Amino acid sequence: MQPKRFMTLQRHILEGEKRHPEATGELSAILSNLILAVKVISLEVNKAGLIDILGYTGKENVHGEQVKKLDIFAHQTIIRAMDHGGHLCVMASEEEEDIIHIPKHHDIGKYVLLFDPLDGSSNIDANVSIGSIFSIYKRISSGGGPGTIEDALQKGAKQVVAGYVVYGSSTIFVYTAGDGTHAFTLDPAVGEFLLSHENIRTPERGSIYSTNEGNYKYWHRGFKEYIKFLQDADDRGAKPYSARYIGSMVADIHRNLLYGGIFIYPSDKRNPNGKLRLMYECNPMAFIVEQAGGKATTGKQRILDIIPNNLHQRVPIYIGSKEDVELVEQYLQKYEGQ
Ligand code: AHG
Ligand code: MN
Ligand code: MN
């Protein structure tokens with residue numbers, strides 16, 4: 001048998017880019033910087049549980065440095081790794097109100113980076129899986145000067161690359177450049193992400209649902225009826241659905257992508273727009289899931305078609321296996337207004 005060649009994440013990105021004759025190598029350069037940032041974040045995440053043991057309590061660590069909350073650490077690490085690369089014109093992060101300007105002379109790049117530096121922050125102190133999410137767009141403003149808010153506010157269908165990292169039992173980097181969804185696992189000894197799942201295809205129908213059932217009393221009737229239908233699968237002689245909810249969107253969606261299923265942060269009576277952010281969470285995850293054969297909607301509209309009006313806008317999201325998403329949409333429509 002021919003031995004499998006090593007395929008690192010960087011090599012995969014480069015080979016993908018080479019298939020496009022007009023490519024300049026800039027995307028590969030952006031992703032290389034981002035890979036460095038997530039390796040640094042991954043190290044810090046793995047150390048998180050040692051903070052008390054090593055005397056990092058209080059505000060300073062043993063080196064006399066300020067101990068930052070992990071989400072702020074991740075936010076700053078990504079900015080430090082990216083803002084002098086010369087290929088970006090503007091960035092935006094879930095952790096910052098306005099767009100993030102790139103330092104002068106470095107701000108004339110062709111691309112835009114949006115990110116959620118640390119997703120699932122409520123799980124940080126419990127050693128439960130968390131992640132990072134990012135999107136890359138081409139700039140639309142002309143003139144070659146610094147990027148603008150319009151560059152950062154494009155619809156999800158315009159994404160060139162999207163990806164997420166799960167810091168779990170191992171660190172996994174999943175990305176799409178519009179040519180399938182691929183996953184790479186970090187080998188900590190070598191320090192490289194190695195191809196572990198090429199061209200992921202999510203099942204057409206799953207048997208997992210992931211949603212925060214603590215919000216049940218605020219749910220609309222259609223959504224209540226849908227979840228009841230899944231729970232009653234046994235009565236129809238069908239395979240029963242399992243409830244799985246970590247509370248880290250990246251980790252929940254990653255599991256469902258591999259096993260099949262649906263992740264929902266719905267519109268409800270308290271929060272008509274749900275909770276999750278279109279630009280930092282829903283768009284990149286929708287691009288990745290669609291590229292794996294799945295679907296992502298607001299219950300009414302494809303996530304990637306939403307014209308954004310605000311960097312931090314929230315939208316309801318129903319995302320995962322195609323048939324599961326289509327079924328929940330039917331329920332929402334049937335009981336619309338209730
Ligand atoms: P973040 O940590 O970036 O603020 O995102 C948390 C999000 C998402 O990861 C997760 O799916 C959701 O919040 C969980 O919300 P509930 O606690 O309301 O279920
Ligand atoms: Mn998040
Ligand atoms: Mn976050």
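Which residues coordinate the manganese ion (ligand 2)? In this predicted model, the answer is Asp-116 (OD), Asp-119 (OD) and Glu-281 (OE), at 1.8 to 2.1 Å. A second manganese ion (ligand 3) has its own protein donors, Glu-94 (OE), Asp-116 (OD) and Leu-118 (O). Let's look at each metal ion, and then at ligand 1 and the residues around it.

**The manganese ion (ligand 2)**

- Along the chain, the donors of the manganese ion (ligand 2) follow the spacing D-x2-D-x161-E.
- Asp-119 sits in strand β3, while Glu-281 sits in helix α7 (residues 278–291), so this pair ties together parts that are 162 residues apart in sequence.
- If you look for Asp-119 and Glu-281 in the structure, you will find that both are buried.

**The manganese ion (ligand 3)**

- The protein donors of the manganese ion (ligand 3) lie 2.2 to 2.3 Å from it.
- Here the donor spacing along the chain reads E-x21-D-x1-L.
- Leu-118 takes part through the atom labelled O, whereas Glu-94 takes part through OE and Asp-116 through OD.
- Asp-116 and Leu-118 are both buried.

**A bridge between the metals**

- Asp-116 is a good residue to find in the viewer, as it bridges the manganese ion (ligand 3) and the manganese ion (ligand 2).
- The two manganese ions lie 3.7 Å apart.

**The shell around ligand 1**

- Ligand 1 is surrounded by 17 residues, and the closest are Asp-119, Ser-121, Asn-212, Tyr-245 and Tyr-265.
- You have already met Asp-119 as a donor of the manganese ion (ligand 2).
- By type, the shell holds six nonpolar, five polar and six charged residues.
- Strands β3 (111–119) and β11 (262–265) each supply at least two residues of this shell.
- The biggest contribution comes from β3, with three residues.
- Domain 1 (9–197) and domain 2 (208–334) both give residues to the shell, so ligand 1 lies between them.

**Polar atoms close to ligand 1**

- Tyr-265 places a polar side-chain atom 2.5 Å from an oxygen atom of ligand 1.
- Met-249 uses its backbone instead, with an N or O atom 2.9 Å from an oxygen atom of ligand 1.
- Leu-118 also has a backbone N or O atom 3.3 Å from an oxygen atom of ligand 1.
- How much of ligand 1 does the protein bury? Taken alone, ligand 1 exposes 470 Å², and the protein buries 84% of that.

Technical notes. Residues numbered from 1 in each chain as written. Chains lettered and ligands numbered in written order. Predicted model: local features only at pLDDT ≥ 70, side-chain atom pairs only at ≥ 80, totals over all residues. Heavy atoms only, no water. Near = heavy atom within 4 Å. Polar contact = N/O pair within 3.5 Å; in protein donor to acceptor, adjacent residues only side chain to side chain. Areas by Shrake-Rupley, 256 points an atom, 1.4 Å probe, with all protein chains shown as cover. Helix = DSSP H or I, 4+ residues; strand = E, 2+ residues; numbered from the N terminus. Nonpolar A, V, L, I, M, F, W, Y, C, P; charged D, E, K, R; others polar. Domains from an automatic or database assignment. Donors = N, O, S within 2.8 Å, 3.2 Å for Na, K, Ca; no water. Buried < 20%, exposed > 50% of the residue type's maximum accessible area, 1.4 Å probe, protein only.
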